[in-house]
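Reader: Take me through this model, please. I want the cut-off behind each term.

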2 protein chains.
Amino acid sequence: MPDTLIDAIQLRYACREFAADTPVSADELASVLEAGRLAPSAFGLEPWRFVVVTDEAGRAAVARACYDQPATTTAAALIVIAALVAVLEPDSDYVRARFAAEARGQDAEPIHAAYRSFYHAGSMAEWARGQCNFAAAQMLLQAAHRGLGSCPVGGYDASALAAAAALQPGEVPALVVALGRCRHAAPERIRKPLG
Amino acid sequence: MPDTLIDAIQLRYACREFAADTPVSADELASVLEAGRLAPSAFGLEPWRFVVVTDEAGRAAVARACYDQPATTTAAALIVIAALVAVLEPDSDYVRARFAAEARGQDAEPIHAAYRSFYHAGSMAEWARGQCNFAAAQMLLQAAHRGLGSCPVGGYDASALAAAAALQPGEVPALVVALGRCRHAAPERIRKPLG
């Protein structure tokens, strides 16, 4: 288990293929989900839902929606991060509940007013998908911290993935987080320099 | 310093006001930037640039672009994360260089072909801004790990912020990460439950 955050950051890489028959434990999965749950989000809206898929038929359906990329066909668990879009309408019950919580007993109207100015119906889907990357980033690091391999998968047929993960109307797929034990060692890390 | 990743995740919260005259050290700032640099991104495109603002006049200009929100007027350092948009055009030198690196000596054409299918000029700005959240998430956690307070700031006048951070044409602001020593204790954590 890595000792420091930078160790987890260094350990994390996109695993393209997982070793067969090496399950992810319920405890590991719960810790990854909790890391995602605690992620920050703009306006405290947490515009995400995590759909955990571990059964064989479910994983196959999700993998198919991801064009059977090996990371998805070999993963022990797949977390489909759904972006919540329809509920982001400023007067929805969801938004009201989030802002009431965020206000911590104070007046929620200032944050609500700021959000009404921000909200543009046409662009909220992509915005919400981007917010889901906060949750995904914390999940990927937590997986590395627990010694799991992971792969963020953004290439999929959105309709097929929504069906495979039984998303609700108004939810759109953001990212699939594939988890397992990586079959290969980490490749050389490639990053551009700062600046 | 927190011992585990979940400690850093638990420690991180949006600090709305920093204590005056408590600078962020060069080493702390470098470690936060490095955490951002190592973040994952779709297609390995790393569509971001980090603009560090620590001088008083620069911070004031960035803060003004953020409507003088206290987190920005009191921060010791502000990192403006710029989303790279214009260079995401599939045949740009930037994209060719990233894919050549990502291919690690192998043929870069398969990833390039996948990216050409994915690319839609009209939606790349918001997509790139969403990718920047991967870098931001790692920065925020690294700040917490180093004992720094932080606040992600997404409310700003985009034109004013681009000017204050001297962004180039084709770059758009994604997020400002404000850093310092938080003036107040963490508020009660508010999160919706899983599921």
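Reader: What phi does A:Tyr67 take just after H3(A)?
Author: A:Tyr67 takes a positive phi of about 60°. Helices here are DSSP runs (H or I, at least four residues; strands are E, at least two), numbered from the N terminus. This is a predicted model: local features need pLDDT of at least 70, side-chain atom pairs count only at 80 or more, and totals for chains, interfaces and linings use all residues. Residues are numbered from 1 along each chain as its sequence is written, with chains lettered from A and ligands numbered from 1 in written order.

Reader: Why is A:Ile111 called partly exposed?
Author: A:Ile111 has 18 C-beta neighbours inside 10 Å. Buried takes 20 or more other C-beta atoms within 10 Å, exposed 12 or fewer, and partly exposed lies in between, with C-beta atoms placed from the backbone. So A:Ile111 counts as partly exposed. Its place is in helix H6 (residues 109-118) of chain A.

Reader: What puts the buried residues of H3(A) on the same side?
Author: In H3 (residues 56-65) of chain A, A:Arg59, A:Val62, A:Ala63 and A:Ala65 are buried. They cover an arc of only 160° around the axis, so they are on the same side of H3(A). The arc is that of the directions from the helix axis to the C-beta atoms. On the other side, A:Glu56 and A:Ala57 are exposed.

Reader: How do you know that chains A and B have the relation of a two-fold axis?
Author: Chain B can be laid on chain A by a turn of 180° and a shift of 0.0 Å along the axis, with an RMSD of 0.0 Å. That is the relation of a two-fold axis. Copies are superposed by least squares on C-alpha atoms of residues with pLDDT of at least 70 in both.
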